[in-house]
Amino acid sequence: MKQKWDMWIPGVLLCAALFFTSAGIGAQFEKVSLNFVNADIQEVVKAVSHITGRNFLVDPRVKGTINIVSSTPVQASLAYDILLSALRLQGFASVESGGVTKLMPEADAKLHIGYLSDAKGAGDDKLVTRVFVLKYESAVQLVPILRPLIAPNNIVTAYPNNNTLVVTDYASNLKRIEQIVESIDQPSAEAPIIIPVKYASAVDLSQTINRLMQEGASGGTGGDSSQRFILAADTRTNSMLLRTDNPARVQRVRELAEKLDVDTGAPGNMHVIYLKNAEASKVAQTLRSVASGDVAAPAAAPTGTGAAASTAPSGGGMIQADVASNALIITASNAVYNNLRSVVEMLDVRRAQVFVEALIVEVTADKAAEFGIQWQGLNGINGPGTGVIGGTNFGTGGGNIITASGNITGLGQGLNVGITRGSITLPGTSTTVVNLGMLAHALENDSNANILSTPNLLTLDNEEAKIIIGQNVPFITGSYAQTGSTSTASPFQTIERKDVGLTLRIKPQVSEGGTVKLQIYQEVSSVDATTTANTGGVTTNKRSLESIVLADEGQIVVLGGLIQDSISNGENKVPILGDIPLLGNLFRYDTRHRTKTNLMVFIRPYVLRNAEASLGITQNRYEYLRGEQKQVPARKMLPDMATPKLPDLNLKQALPNALKP
């Protein structure tokens, strides 16, 4: 019984809806009551067609039931809008074409609708396509913001070429989207404002206003973004660029600029420009040359006074430098001063610094070998009558058999094996020597040296720097002994002192691309220890290099070096006997000597353009030395003597204490 009752309900309600329809079907001002509960969509469309007089074309995919409840009668003209609202909830939409209303799924309806310039003339539940032209914001960036606000079956796309948005959605939603787009597509509050300056200098005026505004805002809350602003000067157009979020501050800057930018009426104004980085004397010389057109203008006086009249600006006035305060004094008209001020701003910039690290690597290997057997027969030297003496002797110093006979304790280095036969007194003397009959000598020497020097320098761009690590050694350049009438000589010598050690002299030049041009002179010299007792003076070993190279920042470049491998062989032998196979070794003395030297000089520049980069290099070297100090071992058997330690670089208050004894 329940199923039959459910089947009768839609029909009864449909008849009830038609019952309230007046005889003049389609009358716009007649009222009807619409009450449909689980009514078939096809039947409801038929009812609305009778009420409104519209012709509907229903897509076969439009199926299902809808519920419409009207507690009070409504105008017949609203029946169509109510039907569209009910169909919209089911995912269906209408498209009007040629006097026929087509009902179809929402996903397909957007392909059949027309374009409207605005959604004001369309019903709220009708699909409409709109194009929004943006003026300030990016259409591509606005799509992700609008996508969640549009039905999933509808579309929103961006056309970047003309910065437009294409949106297809119901008219009611498009009205809301239009309001959102208008609210977002606004000129940015941070867009710079240009304030022209007529009489004063934009650079001086911006500095004055910046100082006033910052002092006025210092008492406010630092977290308020509206209190922060940027005011810069454009020297080319003599105007100020202002950027802030606070309209009140914009108005205040305009008022200050208007009051300060007045004509003083004086034919020439005197201005003082304090320089931050450049030298006032050099900048004054450059400005006088530029202003007068004289490229050979004389250099500025050390005190910054007494400029020649020929170097005055062509428009009248004077340019002087005050070295004590590192400031420029310019007396000129506003037009000339503004031009000179723009040049000063470009010259007075922080110059880059260059940290140059040189690497001098020397690897030396020296190998030598000696082997020989010497014979000596001195038995007949003290006998009566005629005797025979003789032998072989090779080498020098304590390795020679004759020298060893006179001083047996002075045998040379290495292995020495000999045969003695007592001692012999030399004829005609009281000198007694050892009767050394045979001496075998063997020696092998192997020495290696690995030297790494890393001198480094920090200097300004285009400024030469020099470092010397070594000794100041005296060299005798002349001597004179005067005897005269006295028997005691008065010696006199002339001495010249020279630096011996490591010398590094560098002048860098930094280009805009980061390449560094380096003029380098590097020298490593030392005193030959074997010549310190020479009466004619000592001999120095010198390795020097002078070059101009290009290097990228942080790149290691080889400047030059020496790769040398020298081998020498010595052979001393008795003729004929020394050539006998095997037995000839008893009458030979062989020496071998090989020296291999590898010397290379490298360089690596670092460009330091700001204080942070300089601090990074300083901290790296500082912490390295602190680590080396910590590695000094302590001895328990020695008294505790506190050695000075470098303080932490971050603890500035520790530096004065570190200097105390």
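**Reading salt bridges, sheets and exposure**

Author: Arginine 130 forms a salt bridge with glutamate 178, and the closest N and O atoms of the two are 3.6 Å apart. The model in which this pair occurs is a predicted one.

Reader: What is the general idea behind such a pair, in which side chains of opposite charge come close?

Author: Side chains of opposite charge can pair when their charged atoms come close. In the present case the two partners belong to distant parts of the chain: arginine 130 is in strand 8, glutamate 178 is in helix 6 (residues 171–184), and 48 residues separate them.

Reader: Is arginine 130 buried or exposed?

Author: The cut-off for buried is a relative accessible area under 20%. Arginine 130 has 6%, so it is buried.

Reader: How many salt bridges does a search of the whole structure find?

Author: The search finds 15 salt bridges. One of them is formed by the side chains of aspartate 204 and arginine 341, with an N to O distance of 2.2 Å. This pair also links distant parts of the chain, since aspartate 204 is in helix 7 and arginine 341 is in helix 10 (residues 334–347), 137 residues apart. Aspartate 204 is partly exposed at 22% relative accessible area, whereas arginine 341 is buried at 4%.

Reader: Which residues are linked in a network of salt bridges?

Author: The network consists of Glu571, Lys573, Asp579, Arg588 and Asp590. Within this network, the side chains of lysine 573 and aspartate 579 meet at 2.4 Å, N to O. Lysine 573 is partly exposed, with 33% relative accessibility, and aspartate 579 is partly exposed as well, with 48%.

Reader: I turn to the sheets. What is the order of the strands in the open sheet that contains strand 8?

Author: The order is 8-10-9, in a sheet of three strands with antiparallel pairing. Strand 8 (127–133) and strand 9 (155–159) stand at the edges; each has a single partner strand, so one side of each is without a neighbour in the sheet. On average, neighbouring strands here are turned by 15° against each other, direction ignored.

Reader: How many bridges join strand 9 to strand 10?

Author: Five bridges join strand 9 to strand 10 (residues 164–170), and the two run antiparallel. As an example of the register, valine 156 stands opposite valine 167 in strand 10.

Reader: What is the strand order in the open sheet that includes strands 14, 15 and 16?

Author: Its three strands follow the order 14-16-15, with antiparallel pairing. Strand 14 (269–274) and strand 15 (318–322) are the edge strands, each pairing on one side only. The average turn between neighbouring strands of this sheet is 20°, direction ignored. Strand 14 and strand 16 (residues 327–332) run antiparallel and are joined by six bridges; histidine 271 stands opposite isoleucine 330 in strand 16.

Reader: Which helix lies across strand 15 and strand 16?

Author: Helix 9 (residues 280–292) does so, running at about 170° to strand 15.

Reader: How should exposure be read for a loop residue, and where does valine 388 lie?

Author: Exposed means a relative accessible area over 50%. Valine 388 lies in the loop between strand 17 (353–377) and strand 18 (390–391). Its relative accessibility is 73%, so valine 388 counts as exposed. Not counting residues up to four places away in sequence, valine 388 touches Gly377 and Gly380. The C-alpha atoms of valine 388 and glycine 377, eleven residues apart along the chain, are separated by 8.0 Å.

Reader: Is asparagine 210 buried or exposed?

Author: Asparagine 210 counts as buried, because its relative accessibility is 16%. Its place is in helix 7 (residues 202–217), and asparagine 210 touches Phe229 and Leu231, with residues up to four places away in sequence not counted.

Reader: Which residues make the nonpolar surface patch?

Author: Trp375, Leu577, Ile580, Leu583 and Leu586 make this patch of about 400 Å². Leucine 583, one of these residues, lies in the loop between strand 26 (557–573) and strand 27 (588–608). Leucine 583 is exposed, with 53% relative accessible area.

Reader: How many helices and strands does the protein chain have?

Author: The chain has 13 helices and 27 strands. Of its 661 residues, 32% count as buried. The chain exposes about 40300 Å², of which carbon and sulfur atoms supply 56%. Among contacts between residues at least 6 apart in sequence, 64% join residues at least 24 apart.

Key: Residues numbered from 1 in each chain as written. Predicted model: local features only at pLDDT ≥ 70, side-chain atom pairs only at ≥ 80, totals over all residues. Heavy atoms only, no water. Patch = residues over 30% accessible without salt bridge, like charges linked within 9 Å, V, L, I, M, F, W, Y side chains within 5 Å. Areas by Shrake-Rupley, 256 points an atom, 1.4 Å probe, with all protein chains shown as cover. Salt bridge = Lys/Arg side-chain N within 4 Å of Asp/Glu carboxyl O. Helix = DSSP H or I, 4+ residues; strand = E, 2+ residues; numbered from the N terminus. Buried < 20%, exposed > 50% of the residue type's maximum accessible area, 1.4 Å probe, protein only. Pairing = 2+ DSSP bridges. Axes fitted to C-alpha atoms, helices over the stretch in contact; angles between N-to-C directions. Contact = heavy atoms within 4.5 Å.
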